[in-house]
Amino acid sequence: MPETKPRMSTIDPVWQRVCDEAVAAIQAEPLLGGLIHSSLLHHASMERALAYRFSLKLASGEMSEQILREIADEAFSRDPDLGQMARADIMAVFERDPACHRFLQPILFFKGYQAVQAYRIGHWLWTQGRIDLAYFVQMRVSEVFGVDIHPAAQVGRGLMIDHAHSIVIGETAVVGDNVSMLHSVTLGGTGKEDGDRHPKIGNGVLIGAGAKVLGNIHVGHCSRIAAGSVVLHDVPPCSTVAGVPARVVGEAGCAQPSVTMDQLIADQA
């Protein structure tokens, strides 16, 4: 088998590591060679690889891979921050998800990471006034990945969504940097009201599985929301809330819960 050499155009430690891991993965499992070459090693940059994965995953009889690839390439070209956020998201998944052992895993296999990168392209379209195309991306992300993020929602960098099944983030929601959430989280409204109606999540927040955060409320920086909680009121910074409805049950217990991923609540007795 001829030696595989990843194509590198600039110094990029994250992309270099992805390519190195890709070469090793082919050596360990040659049957994945076609997938890994087409998805990773064939591309000169991480942005080009992500654009390819975006088009491959979201293509349907309604929108071809070629058109979606052109949309994604344009987004990455015109907004370099998209690529930087994608790198921050990979680092977040690698550092916080114990099932992630290599940088290439989120790009190839993790629907949470792939859904977030697709949302980011949809959000870019929204900010460019291409509303209907942004809605199309939202629809396909929901259909393919089971993740429904409104393209108008504002999501910071370093987001990790573990398992990512049944995630819902509403139109006026704001999610800060370095946030972690597990499956079945909803950042939603409380009724039919219009306007600013969705939660504002601070930096470094950890949201447990099945938690529902509802209404135009604020969750303070570096707080924890316990699994299964229903949050209807503001959450103070650096605190832990739990229950239905949720109430403060203690401090966060660490400087940045989203990084430690510690979901245990200390016994208050």
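## Arg197 and Glu171

In this predicted model, Arg197 counts as buried, with a relative accessibility of 16%, a value that falls under the 20% limit used for that class. The side chain of Arg197 meets that of Glu171 in a salt bridge, at 2.8 Å from N to O. Glu171 lies in the loop between strand 4 (167-169) and strand 5 (174-175), while Arg197 lies in the loop between strand 7 (186-188) and strand 8 (200-201), so the pair ties together parts that are 26 residues apart in sequence. Glu171, at 26% relative accessibility, counts as partly exposed.

## Asp12, Arg87 and Glu47

A salt bridge also joins Asp12 to Arg87, with the closest N and O atoms 2.4 Å apart. Because Asp12 belongs to the segment before helix 1 (13-28) and Arg87 to helix 5 (residues 81-96), this contact ties together parts that are 75 residues apart in sequence. Asp12 counts as buried at 11% relative accessibility, and Arg87 counts as buried at 10%. The two residues are also linked with Glu47 in a network of salt bridges.

## A pair within helix 1

Glu21 forms a salt bridge with Arg17, the closest N and O atoms being 3.0 Å apart. Both residues lie in helix 1, where they are 4 residues apart, about one turn of the helix. Glu21 counts as buried, at 10% relative accessibility, whereas Arg17 is partly exposed, having a relative accessible area of 33%.

## Overall count

The count for the model comes to 13 salt bridges, among them the pairs Asp12 with Arg87, Glu21 with Arg17, and Glu171 with Arg197.

How values were computed: Residues numbered from 1 in each chain as written. Predicted model: local features only at pLDDT ≥ 70, side-chain atom pairs only at ≥ 80, totals over all residues. Heavy atoms only, no water. Salt bridge = Lys/Arg side-chain N within 4 Å of Asp/Glu carboxyl O. Helix = DSSP H or I, 4+ residues; strand = E, 2+ residues; numbered from the N terminus. Buried < 20%, exposed > 50% of the residue type's maximum accessible area, 1.4 Å probe, protein only.
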